[in-house]
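Visitor: Please bring up the model. I have some questions about it.

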Amino acid sequence: MSAWVLPDHIADVLPSEARHIEELRRSLLDTARSYGYELVMPPLLEHLDSLLTGAGEALDLQTFKLVDQLSGRSIGLRADTTQQVARIDAHLLNRRGVTRLCYCGPVLHTRPDRPRATREPLQFGAEIYGHAGMEADIESVVLALECLRVAQVPEVSVDLADVRIVRSLLAGVPVDLAMLNDVHAALAAKDGSELADLTRNFPAPAREGLLALLDLYGDVQVLDEAEKVLKPAPELRQALSDLRSIASRIKGARVTFDLADLRGYAYYSGTRFAMYVPGASDALVRGGRYDEVGAAFGRNRPAAGFSLDIKQLVGVVPPRPLKAAIRAPWGESSEAIAAIAALRRQGETVVCMLSESSSEIDEFCCDRELMCEDGQWVVRPL
C-alpha cells in the first residue's frame with residue numbers, strides 16, 4: 001500500500017474547507033461565549049478508567065485503546081468530550097453554583113457513527129451544570145439553534161423526546177438489562193411485532209402504553225394524545241409538561257415529537273433533542289439532560305447540553321464568502337516591507353507574489369494590488 005494512503009474514514013482537510021471549518025469553529029465559540037459559556041480544553045487522551053467512567057457500552061466500543069509507555073497503564077483516545085467536561089466540573093472547578101462550559105476539539109472513533117462519516121469528528125459542545133430546572137434545558141436548545149443560525153443552516157427541524165416517558169411506563173415492571181435493551185431497540189425501530197412479543201408477559205398498562213408509543217410521533221398534538229392513552233403518572237405528566245415548555249420557546253424552526261425515540265437512553269435522564277436539516281443523513285445536533293454524567297466522578301450535579309460535529313456541519317451550509325486580499329510584490333525595500341506590515345496590522349490579508357509565474361494559485365481571491373507610484377506605496381483595484 002502506498003505510504004500516502006490514509007486509513008478508511010480518515011481524510012486530510014484541504015485549504016478551502018479548512019478555512020470554512022475554522023470560521024465556523026470561531027463563530028460557534030463566540031456564540032457560546034455570548035451566552036456566558038467558558039472555554040475548556042480537555043486532553044485528547046486520558047487514563048482509560050477515567051475516560052470511560054460511567055460511560056455506556058457504545059462509547060467503550062468507539063474508543064481507541066493503547067498502553068502508556070511511561071506508566072504502563074491503559075489509556076484511551078477520547079471518542080466524546082462530555083465525560084471529560086463532567087470531570088473538570090466535578091474535580092477541577094468544583095463550583096457550588098451554575099457552571100457553563102464549552103469546548104471544541106477532535107475526537108476519534110473506532111468506527112464511523114453514520115454513513116460516510118469521518119472517524120475524526122471536530123466536536124463542538126456546550127454544557128450547563130448545577131441547575132435542575134427547565135431553564136437549563138431550554139437554554140441548551142436555544143443556544144444550539146442560535147449556533148445553527150450563526151452557521152447559516154437552513155430549514156432546521158427540532159425533534160423532542162423524553163426518556164422519562166418510557167421509564168414511567170416500566171415503573172414496577174421487573175425487567176433485566178438485556179430485556180430492557182431489547183425493548184428500547186424495538187421502540188427505536190418501531191417494530192410493533194417484536195415489541196408485542198417482548199412485552200407479552202408485562203402488566204397490561206405497561207404493555208399497552210409501550211405499544212401506543214409507536215404511533216406517538218408528529219406535531220404538538222402528539223402530547224395531547226399521549227395524555228389520553230398513556231397510564232397517568234407524575235413522572236409522565238412532568239415529562240409531557242417539560243416538552244411543551246421547550247417547544248414553546250423554539251422560534252424559527254419546525255418542532256416535532258417522537259415519544260418512542262430512545263437513542264442515547266442509557267445516557268440521558270430527561271428531555272432530549274435532535275436537530276435535522278434537509279440533505280443531512282443524520283442529526284446535526286444532539287443534546288438534552290444528563291443528570292447522572294458526573295455521578296461516576298463523585299459529584300452528581302444536574303447537567304444539560306448538546307454537541308455537534310463541525311465537519312458534518314460544514315457539509316450542509318453554504319460556503320462563506322472569502323474576504324478579498326491584496327496582492328503585493330515581494331518586498332525588497334524597507335518601504336515596501338513597512339507598507340505590507342501596516343496593511344496586515346489593519347486586518348488585511350496581503351499575499352506577496354514570489355514570482356511572476358501565472359501558475360501560482362490565488363487561494364485568497366486578490367481584488368487589489370499594492371504598487372509603488374511616485375515613490376509611494378498605494379493600494380489599487382486589480
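Visitor: What volume does the second largest pocket have?

Guide: This is a predicted model, in which local features need pLDDT of at least 70, side-chain atom pairs count only at pLDDT 80 or more, and totals for chains, interfaces and linings use all residues. Residues are numbered from 1 along each chain as its sequence is written, and side-chain values use heavy atoms, without hydrogens and water. A pocket is an open set of points on a 1 Å grid over the protein atoms alone, where a 1.4 Å probe fits, with protein on both sides within 12 Å along at least five of seven lines. With volume taken as the space filled by probe spheres set on the points, the second largest pocket holds about 350 Å³.

Visitor: Which residues that line the second largest pocket are the closest to its centre?

Guide: Lining residues have an atom within 4 Å of a point. The lining has 17 residues, and by class 6 are nonpolar, 5 polar and 6 charged. Here Ala, Val, Leu, Ile, Met, Phe, Trp, Tyr, Cys and Pro count as nonpolar, Asp, Glu, Lys and Arg as charged, and the others, Gly among them, as polar. The closest to the centre are Arg114, Arg116, Ala117, Lys311 and Gln312.

Visitor: What is the phi of Arg116?

Guide: Most residues other than glycine have a negative phi. Arg116 sits in the loop between strand S5 (99-106) and strand S6 (122-129); strands are DSSP runs of E, at least two residues, numbered from the N terminus. Arg116 is exposed (over 50% relative accessible area, 1.4 Å probe, protein chains only), at 72%. Its phi is positive, about 65°.

Visitor: Where is Asp374 found?

Guide: Asp374 is another non-glycine residue with positive phi, near 55°. Asp374 is exposed, with a relative accessible area of 82%. Its place is the loop between strand S15 (366-373) and strand S16 (376-381).

Visitor: Which strands stand at the edges of the open sheet S2-S4-S3?

Guide: The sheet has 3 strands with antiparallel pairing; two strands pair if DSSP finds at least two bridges between them. Each edge strand has a single partner, so one side of each is left without a neighbour in the sheet. The edge strands are S2 (45-47) and S3 (64-67).

Visitor: How many residues of H4 are buried?

Guide: Helix H4 covers residues 82-93, a helix being a DSSP run of H or I, at least four residues. Buried means under 20% relative accessible area. The buried residues include Val85, Ala86 and Ile88. The count is 9 of 12.

Terms used
Expected span 1.5 Å × (residues − 1).
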